[in-house]
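Visitor: Before we discuss the terms applied to this protein, may I see the sequence and the structure?
Guide: Certainly; they are shown here.
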Amino acid sequence: MGTSTATEIRLLGQDLAQDLMGKVGFGELAYWLVAMRRPTPGELRVFESVLVALADHGFTPTAIAARVTYLSAPDSLQGAIAAGLLGGGSRFLGVTEDCGQFLAATLAAHEGELPIDEAGWDELALEAIRAQKAAGKFVPGLGHPNHKDGDPRTPVLIGIAEEEGLRGPHLRLFEAIGRMSETALGRRLPLNGAGVCGAALADLGLPTDLLRGFALLARTAGLLGQIAEERRNPIANDIYMSVDRNAVYVAPDHSA
């Protein structure tokens with residue numbers, strides 16, 4: 001993928017200094033590095049919209065972990081960022097990959113042609129939700145702890161994909177899952193931003209088993225911003241002291 005000599009650095013078959021620097025944006029390069037091809041302008045717009053959508057979401061556990069780690073080891077910026085990234089899992093950030101894989105597996109298991117209308121997608125979505133429920137599993141991308149009435153990122157990203165002609169089967173199935181959640185589960189749940197990002201990335205043809213990496217790439221920028229803000233306006237010590245002063249000691253029950 002990349003190599004260097006005493007006088008030249010080559011990446012993706014290009015001269016890094018002459019062909020890429022100042023001519024290729026970071027988002028485009030990130031896409032190119034994984035897909036091994038340059039994205040079209042429409043693909044790049046959707047891809048970078050995903051990166052922006054996932055960069056930061058306030059004081060989530062990932063941001064708190066980064067800030068508190070920076071408090072403990074201000075000499076280790078990399079440690080603070082790593083601490084935040086390590087929290088990317090099934091509840092935060094990892095949903096992007098989980099949702100993309102769930103949608104891809106559902107589409108792959110479907111026999112015959114894919115639906116051509118909303119009713120067909122709704123039927124496929126209903127089957128998928130009921131199968132997850134029967135297996136005792138959650139549907140990735142459904143629900144959000146804050147955005148109970150709808151994640152503001154979801155319709156915007158779907159709209160961008162539509163404008164660029166990239167609203168493909170993963171997004172259409174994901175939308176149908178949102179429509180059918182109440183029928184299948186007894187209550188309507190919002191489609192969250194992490195899930196719609198997974199659907200959009202899958203529609204770009206990116207490997208679904210690497211989607212968490214793109215979420216982490218986006219959140220790295222957010223964590224760097226959190227640490228920069230921590231330097232300007234520290235709160236990590238207050239978080240630490242609040243927990244320490246309000247924790248209640250519970251003695252172990254040796255009789256059990």
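Guide: A helix is a DSSP run of H or I with at least four residues, and a strand is a run of E with at least two. On that basis the protein chain, a predicted model, has twelve helices and three strands.

Visitor: Why is residue 14–15 called a strand, S3?
Guide: A strand needs at least two residues in its run. Strand S3 covers 14–15, and therefore it qualifies under the requirement of at least two.

Visitor: What makes S2 and S3 a pair?
Guide: Two strands pair if DSSP finds at least two bridges between them. Two bridges join strand S2, residues 9–11, to S3, so the condition of at least two bridges is met. The two strands run antiparallel, and Arg 10 stands opposite Asp 15 in S3.

Visitor: Which strands are the edge strands of the sheet?
Guide: The open sheet has the order S1-S2-S3 with antiparallel pairing. Strand S1 (2–4) and strand S3 (14–15) are its edges, because each pairs on one side only.

Visitor: Why is Arg 67 called buried?
Guide: Buried means under 20% relative accessible area. Arg 67 has a relative accessible area of 1%, and therefore it is buried. This residue lies in helix H4, residues 61–72. Beyond the residues up to four places away in sequence, Arg 67 touches Phe 59, Gln 226, Glu 229, Glu 230, Asn 233, Ile 235 and Ala 236.

Visitor: How do you know that the side chains of Arg 67 and Gln 226 make a polar contact?
Guide: A polar contact requires a pair of N or O atoms within 3.5 Å, one able to donate a hydrogen and the other to accept it. The side chains of Arg 67 and Gln 226 make such a contact at 2.8 Å, so the distance satisfies the cut-off.

Visitor: Why is Leu 185 called partly exposed?
Guide: Partly exposed lies between the buried limit of 20% and the exposed limit of 50%. Leu 185, in helix H9 (residues 169–185), has a relative accessible area of 31% and is therefore partly exposed. Leaving aside neighbours within four places in sequence, Leu 185 is in contact with Ile 129, Lys 133 and Leu 142.

Visitor: How many of the residues in the whole protein chain are buried?
Guide: Buried residues make up 43% of the 256 residues. The protein chain exposes about 14,100 Å², of which carbon and sulfur atoms supply 56%.

Note on methods:
Residues are numbered from 1 along each chain as its sequence is written. This is a predicted model: local features need pLDDT of at least 70, side-chain atom pairs count only at pLDDT 80 or more; totals for chains, interfaces and linings use all residues. Side-chain values use heavy atoms; hydrogens and water are left out. Buried means under 20% relative accessible area, exposed over 50%, partly exposed in between (1.4 Å probe, protein chains only). Accessible areas come from the Shrake-Rupley method with a 1.4 Å probe; for residues, only the protein chains shown count as cover. Contact means heavy atoms within 4.5 Å.
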